[in-house]
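I am opening a notebook on a structure that I have not looked at before. My plan is to begin with the whole chain and then to look up single places in it.

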Amino acid sequence: MCTSEEVIANIRRPAIQKCMNWAAISFDWNQVRAFLATAEEGSFSGAARALKTTQPTIGRQVTDLEETLGVTLVERSVRGPTLTDAGQDLLEHVRAMADAATHISMSATAHSEDISGLVNVTATDLLSAQVLPGLLAPLRDTNPGIRVNIIASNDMQNLIQREADIAIRHVRPEQPDLIARHVGDFHAGLYASKTYLDRAGRPSTPREVAEHTFVGNPDPERLIAPMHSLGVPLRAENFVMSSGSGVVVWQMLRAGLGITVLPDVLCDPDPEVERVLPDLPPFQFPIWLVTHRELQTSKRIRIVFDLLVRGFREMGNLRRD
């Protein structure tokens, strides 16, 4: 651990020769500000006015700094404070610290107000391909400086590890450091291509649905149980083709391979796709927009986040709270 003499000596040495003594730089920045303001204003009262505090507070902070460093920085007299030799030596470096602090503040302010740069958005591959491009299109006109990278992934991207700035999820995250907003629920139903239904027939009852082939998730149990609750006696044998990719399942549907469950908002606009048993109660799953705490300070993330909130809520088949 450096002595007080070594601390002053380190101030005088070139930076490359300094020992990195964390204990020696444990002083309070407010104490340093009080010392600098006293030196610049020429009095404790002037420093107090500059820093919008009281004269006793300034005096106490300078004294605390002296005790921390183990040197006298200011001689007190009726004529006012006068810097000692150690105080004069320290002043140059304190001014450099103040300049650095000013640059830090300016950089942080510029960063928080910057509306250009990259924003990473992650969603399932189906939402990434079929929904996000349309929702994000207005950004090119309103904020052309913002670039968006869409991460098409069915995995739960870890926002805390900064794998993405904004995530679109179907479950609310449990991490307390994340900000989540429920923008509504997607409705989903049974769909098939018209070519498939023309060939295989259009079922008119839930039981007839179970006589058709299905495509979908590799784990058919995820659909079998809710279908049973709707009176559709679906079995694992009904699933003739599957994929973990929603985009692939969408193409299987359009290729006429069978029936599947997909969101209304994706299927209804497609003239080649038809709802199976329209009176069957719809499935629904929530849409959560999730981001990290930087949403509060990063304008570009806030702009994209708010655009997605509006976009999802304006979608025709999205049920809101």
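The entries below go from the whole chain to its cores, then to a pair of helices, and last to single residues.

**Entry: the whole chain**

I note before anything else that this is a predicted model, and I read each value below with that in mind. I looked up the secondary structure and found 14 helices and 12 strands in the protein chain. The chain has 321 residues, of which 43% count as buried. For its accessible surface I wrote down about 17,300 Å², with 51% of that area belonging to carbon and sulfur atoms. I then turned to contacts between residues with a separation of 6 or more, and found that 72% of them join residues 24 or more positions apart.

**Entry: the nonpolar cores**

Which residues have the most contacts inside the largest nonpolar core? I found Ile168, Leu289, Val304, Leu308 and Phe312 in that role, in a core of 54 residues. I followed leucine 289 further and, leaving out residues up to four places away in sequence, listed what it touches: Ala167, Ile168, Ile179, Ala180, Arg181, Val183, Phe305, Leu308, Val309 and Phe312. Apart from the largest core lies another one of 20 residues, and among them are Ala48, Val62, Val74 and Val94. As background I add that nonpolar side chains tend to be buried together in soluble globular proteins.

**Entry: helix 3 and helix 4**

I next looked up how helix 3, residues 44–51, sits against helix 4, residues 55–69, and found that they pack at an angle of about 105° with their axes 8 Å apart. Angles of 65 to 115 degrees count as roughly perpendicular, and the two helices are therefore roughly perpendicular to each other. On the side of helix 3 the meeting residues are Phe44, Ser45, Ala47, Ala48 and Leu51, while helix 4 brings Gln55, Ile58, Gly59 and Val62.

I also asked myself which residues of helix 3 are buried. They are Phe44, Gly46, Ala47 and Ala48, and I found these buried residues packing against helix 2 (29–41), helix 4 and strand 1 (74–75).

Arginine 60 has its place in helix 4, and I recorded it as partly exposed because its relative accessibility is 48%. Its C-alpha atom is separated by 9.1 Å from that of alanine 34, although the two residues are 26 residues apart along the chain.

**Entry: two positive phi values**

Lysine 52 follows helix 3, and I placed it in the loop between helix 3 and helix 4. Its phi is positive, about 55°, although lysine 52 is not a glycine. Is lysine 52 buried or exposed? With a relative accessible area of 76%, lysine 52 is exposed, since exposed means over 50%.

I looked up leucine 277 for the sake of its phi, which is near 50° and so a positive value in a residue other than glycine. Its place is in the loop between strand 10 (273–275) and strand 11 (283–292). Leucine 277 is buried, with a relative accessible area of 13%.

**Entry: leucine 197**

I found leucine 197 in helix 9, residues 194–200, and it counts as buried because its relative accessibility is 2%. Leaving aside neighbours within four places in sequence, I listed its contacts as Ala192, Arg202, Pro203, Glu274 and Val276. For leucine 197 and valine 276 I also noted that their C-alpha atoms are separated by 8.9 Å, with their positions 79 residues apart along the chain.

**Entry: two aspartates**

Aspartate 185 is found in strand 6, residues 178–193. Why did I write it down as buried? Its relative accessible area is 5%, and buried means under 20%. I then found a polar contact of 2.9 Å that joins its side chain to that of histidine 182.

Aspartate 89 belongs to helix 5, residues 85–113, and at 24% relative accessibility I entered it as partly exposed. I closed this entry with its separation from leucine 73, which is 16 residues in sequence and 9.2 Å in space, C-alpha to C-alpha.

Note on methods:
Residues numbered from 1 in each chain as written. Predicted model: local features only at pLDDT ≥ 70, side-chain atom pairs only at ≥ 80, totals over all residues. Heavy atoms only, no water. Helix = DSSP H or I, 4+ residues; strand = E, 2+ residues; numbered from the N terminus. Buried < 20%, exposed > 50% of the residue type's maximum accessible area, 1.4 Å probe, protein only. Contact = heavy atoms within 4.5 Å. Areas by Shrake-Rupley, 256 points an atom, 1.4 Å probe, with all protein chains shown as cover. Polar contact = N/O pair within 3.5 Å; in protein donor to acceptor, adjacent residues only side chain to side chain. Core = buried A, V, L, I, M, F, W, Y, C linked by side-chain atoms within 4.5 Å. Axes fitted to C-alpha atoms, helices over the stretch in contact; angles between N-to-C directions. Parallel < 35°, antiparallel > 145°, perpendicular 65-115°, else oblique.
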